[in-house]
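Trainee: Please walk me through the labels used for this structure, and show me how each one is earned.

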Amino acid sequence: MPATEQDFLNNPLGKNPTLEDVLDGFEFLDDWEERYAFIIDLGKQLPAFPDDARIEENYVHGCQSQVWVISHFHEASGKLYLLIDSDAMIVRGLAAMILIALNGKTPRDLLATDIDELFEQLDLFRHISPTRGNGLRSMIGKIRDIAAAHAAE
Amino acid sequence: MNDLSMASTATQKAFDVQAIRRDFPILSQQVNGKPLVYLDNGASAQKPRSVLDAMDRYYREMHSNVHRGAHTLGDRATAAFEGARETVRSFLNAGSTREIIWTKGTTEAINLVANGLAPKLKAGDEILVSHMEHHANIVPWQMIAERTGAKVVPIQVTPAGELDLESFDRLLSDRTRVLAITHVSNVLGTINPVNELVGKAKARGVITLLDGAQAVPHFQPDVQALDCDFYVFSSHKLFGPTGIGVLYGKAALLEDMPPYQGGGEMIERVSFERTTWNVLPYKFEAGTPAIAEAVGLGAAIDYLNGLDRPAMEAAENALMVRANQLVETVPGMSIIGTAKQKVPVMSFKIEGLHPSDVGTLLDQQGIAIRTGHHCAMPLMDFYGVPGTARASFAFYNTLDEVEQLFTALQKIQRLFA
């Protein structure tokens, strides 16, 4: 089934949990097992991704794992909504984090959000650095391109 | 010390993996707060100190351009460079250093051969590869096929990861011009029965190339016994530096092939009317070569020659045996590639876990493996997986490291439970 506007608006990530929730939660995890259990858990909160959107156009090439991203611009509120999917759990968790930071923002607010800084803060930057072939770097680029196109309208 | 006790000391050294590990400076570091366990040797192997020293000494004491004559440094550099070529010749048991061409690596060597054979190919001809090839032994042939109208035909593999010899017998035909096949699979570790394949191909006058990239780190091939026309490998997987590799080719075929690149060194005489080629091997070595890297590769082979090879192979085999025993300690884990003849390479999947997650979480525990398609997408399609996790062992790995890998995998599995 294709994604409806409601599917996009129903994506809770960004509202619940908020970025503050995640930062607060992450702060108290001290070993790698707890940190990654937290990330894997976040990945489980990604809303279902429509099967028919898993097409080349929405696909982000990564050597290690596959990522899909689709967007919907909500005219009434002027906000951009996103859905992301991946076949790898850690990538799903990191994608959820990206959604929590970017989903449901105006294109301008989205473009003003520094994802690299956020991931530096969480000590997860290496996962989105250009040296990792997991597709997240390209995905962030793709989301920013979409936002830039709407911001220019 | 008498001869006998010296010999036993030498043997002991070869068996002493801890002593061997001290020869590899990179192995003693910590990664993510844990001692590094390097199990990505199939992607690239680490270098012994003697390789680093040889390259350092080359730059400090003898660097200059090679084959340019006129001064002492030039003589020293040329002697070191050509000495390394002789070391490689001896390693492969090739008949002559004329048959040893320096390339950037396996990939360039295969491209060189594919381009060199192109004039012999025409529409309807077939190039036989296998379903388990690295992309480097598929794509250059596809590019030549595109140019010439020839066709690239893959030999099937069995579910265990062995070549399907019936498929080979069926596909080897009067149309076959080239058989280009891997000696050892980078994903599966399978050692292919190349003697038989080459023998059958030669009987039909088919030109044969063996991709030895994954074979030479584990055992020493004899190109005269194999009787293949070409044998290629990379230095960096053989504990030598990156940026250099080897093409062995039979002199008669190399003589017959056009040069790959034009430039300095590869010419005999240049004029605007007519340029003539240099003799072998220089005809295929345009431009200033990777001199220090050649010297480094020579040092890597010297290092290997100083080890007790049978003991080393036995030690590697013990790693594989231990790994196979431990598979059942990780529920849902299965090995991809269970050929009878294997080098210590273990591709695996764990039910419910994505290889990329496995790789990320092993890295957190200081363990380096490779995940993904391993530049062998047709093989991934055959097994119906997006990729695998692959632990590839070298002689400097220990049984303890194998056990650490499995302990780490159990931990990862608990994390996802």
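Mentor: Let's begin with accessibility: a residue is called buried under 20% relative accessible area, exposed over 50% and partly exposed in between, using a 1.4 Å probe and protein chains only. Before we apply that, note that this is a predicted model, where local features need pLDDT of at least 70 and side-chain atom pairs count only at pLDDT 80 or more, while totals for chains, interfaces and linings use all residues. Residues are numbered from 1 along each chain as its sequence is written, chains are lettered from A and ligands numbered from 1 in the order in which they are written, and side-chain values use heavy atoms, leaving out hydrogens and water.

Trainee: Why is Arg85(B) called buried or exposed, whichever applies?

Mentor: Arg85(B) has 1% relative accessibility, and the cut-off for buried is under 20%, so Arg85(B) counts as buried. Arg85(B) sits in helix 4 of chain B, residues 72-92; helices are DSSP runs of H or I with at least four residues, strands are runs of E with at least two, and both are numbered from the N terminus.

Trainee: What makes Glu285(B) and Arg85(B) a polar contact?

Mentor: The term asks for a pair of N or O atoms within 3.5 Å; within protein, one must be able to donate a hydrogen and the other to accept it, and residues adjacent in sequence count only if both atoms are side-chain atoms. Here the two side chains come to 2.7 Å, so the distance falls within the 3.5 Å limit. Glu285(B) belongs to the loop between strand 12 (276-277) and helix 11 (291-305) of chain B, and its 5% relative accessibility makes Glu285(B) buried. Contact, in the broader sense of heavy atoms within 4.5 Å, links Arg85(B) to others too, including Trp102(B), Pro281(B) and Tyr282(B), once neighbours within four places in sequence are set aside.

Trainee: Which side chain does Ser234(B) join in a polar contact?

Mentor: Thr106(B), at 2.6 Å. Ser234(B) lies in strand 9 of chain B, residues 230-234, and counts as buried at 5% relative accessibility.

Trainee: How do you know that Asp169(B) and Lys200(B) form a salt bridge?

Mentor: A salt bridge needs a side-chain nitrogen of Lys or Arg within 4 Å of a carboxyl oxygen of Asp or Glu. For this pair, the closest N and O atoms are 3.0 Å apart, so the criterion is met. Asp169(B) is in helix 7 (165-171) and Lys200(B) in helix 8 (194-203) of chain B, so the pair ties together parts 31 residues apart in sequence. Asp169(B) is partly exposed at 40%, and Lys200(B) is partly exposed at 30%.

Trainee: How are Asp229(B) and Lys202(B) classed, buried or partly exposed?

Mentor: Asp229(B) counts as buried at 4%, whereas Lys202(B) is partly exposed at 25%. Their side chains meet in a salt bridge of 2.7 Å, N to O. Over all chains, the count by this rule is 26 salt bridges.

Trainee: What makes the pair Lys411(B) and Glu33(A) one that joins two chains?

Mentor: The closest N and O atoms are 3.9 Å apart, so the pair passes the 4 Å limit. Lys411(B) lies in helix 15 of chain B and Glu33(A) in helix 3 (32-44) of chain A, so the salt bridge joins two chains. Lys411(B) is partly exposed at 28%, and Glu33(A) is partly exposed at 24%. The count between chain B and chain A is one salt bridge.

Trainee: How many residues does each chain bring to the contact?

Mentor: Chain B brings 16 residues and chain A brings 17 residues. Together they bury about 1500 Å², 58% of it on carbon and sulfur atoms; buried area is the accessible area (1.4 Å probe) that two parts lose on being put together, summed over both.

Trainee: How many disulfides are counted over all chains?

Mentor: Zero. The rule requires a pair of cysteine sulfur atoms within 2.5 Å. Two cysteines also show the accessibility labels: Cys228(B) is buried at 0%, while Cys375(B) is partly exposed at 25%.
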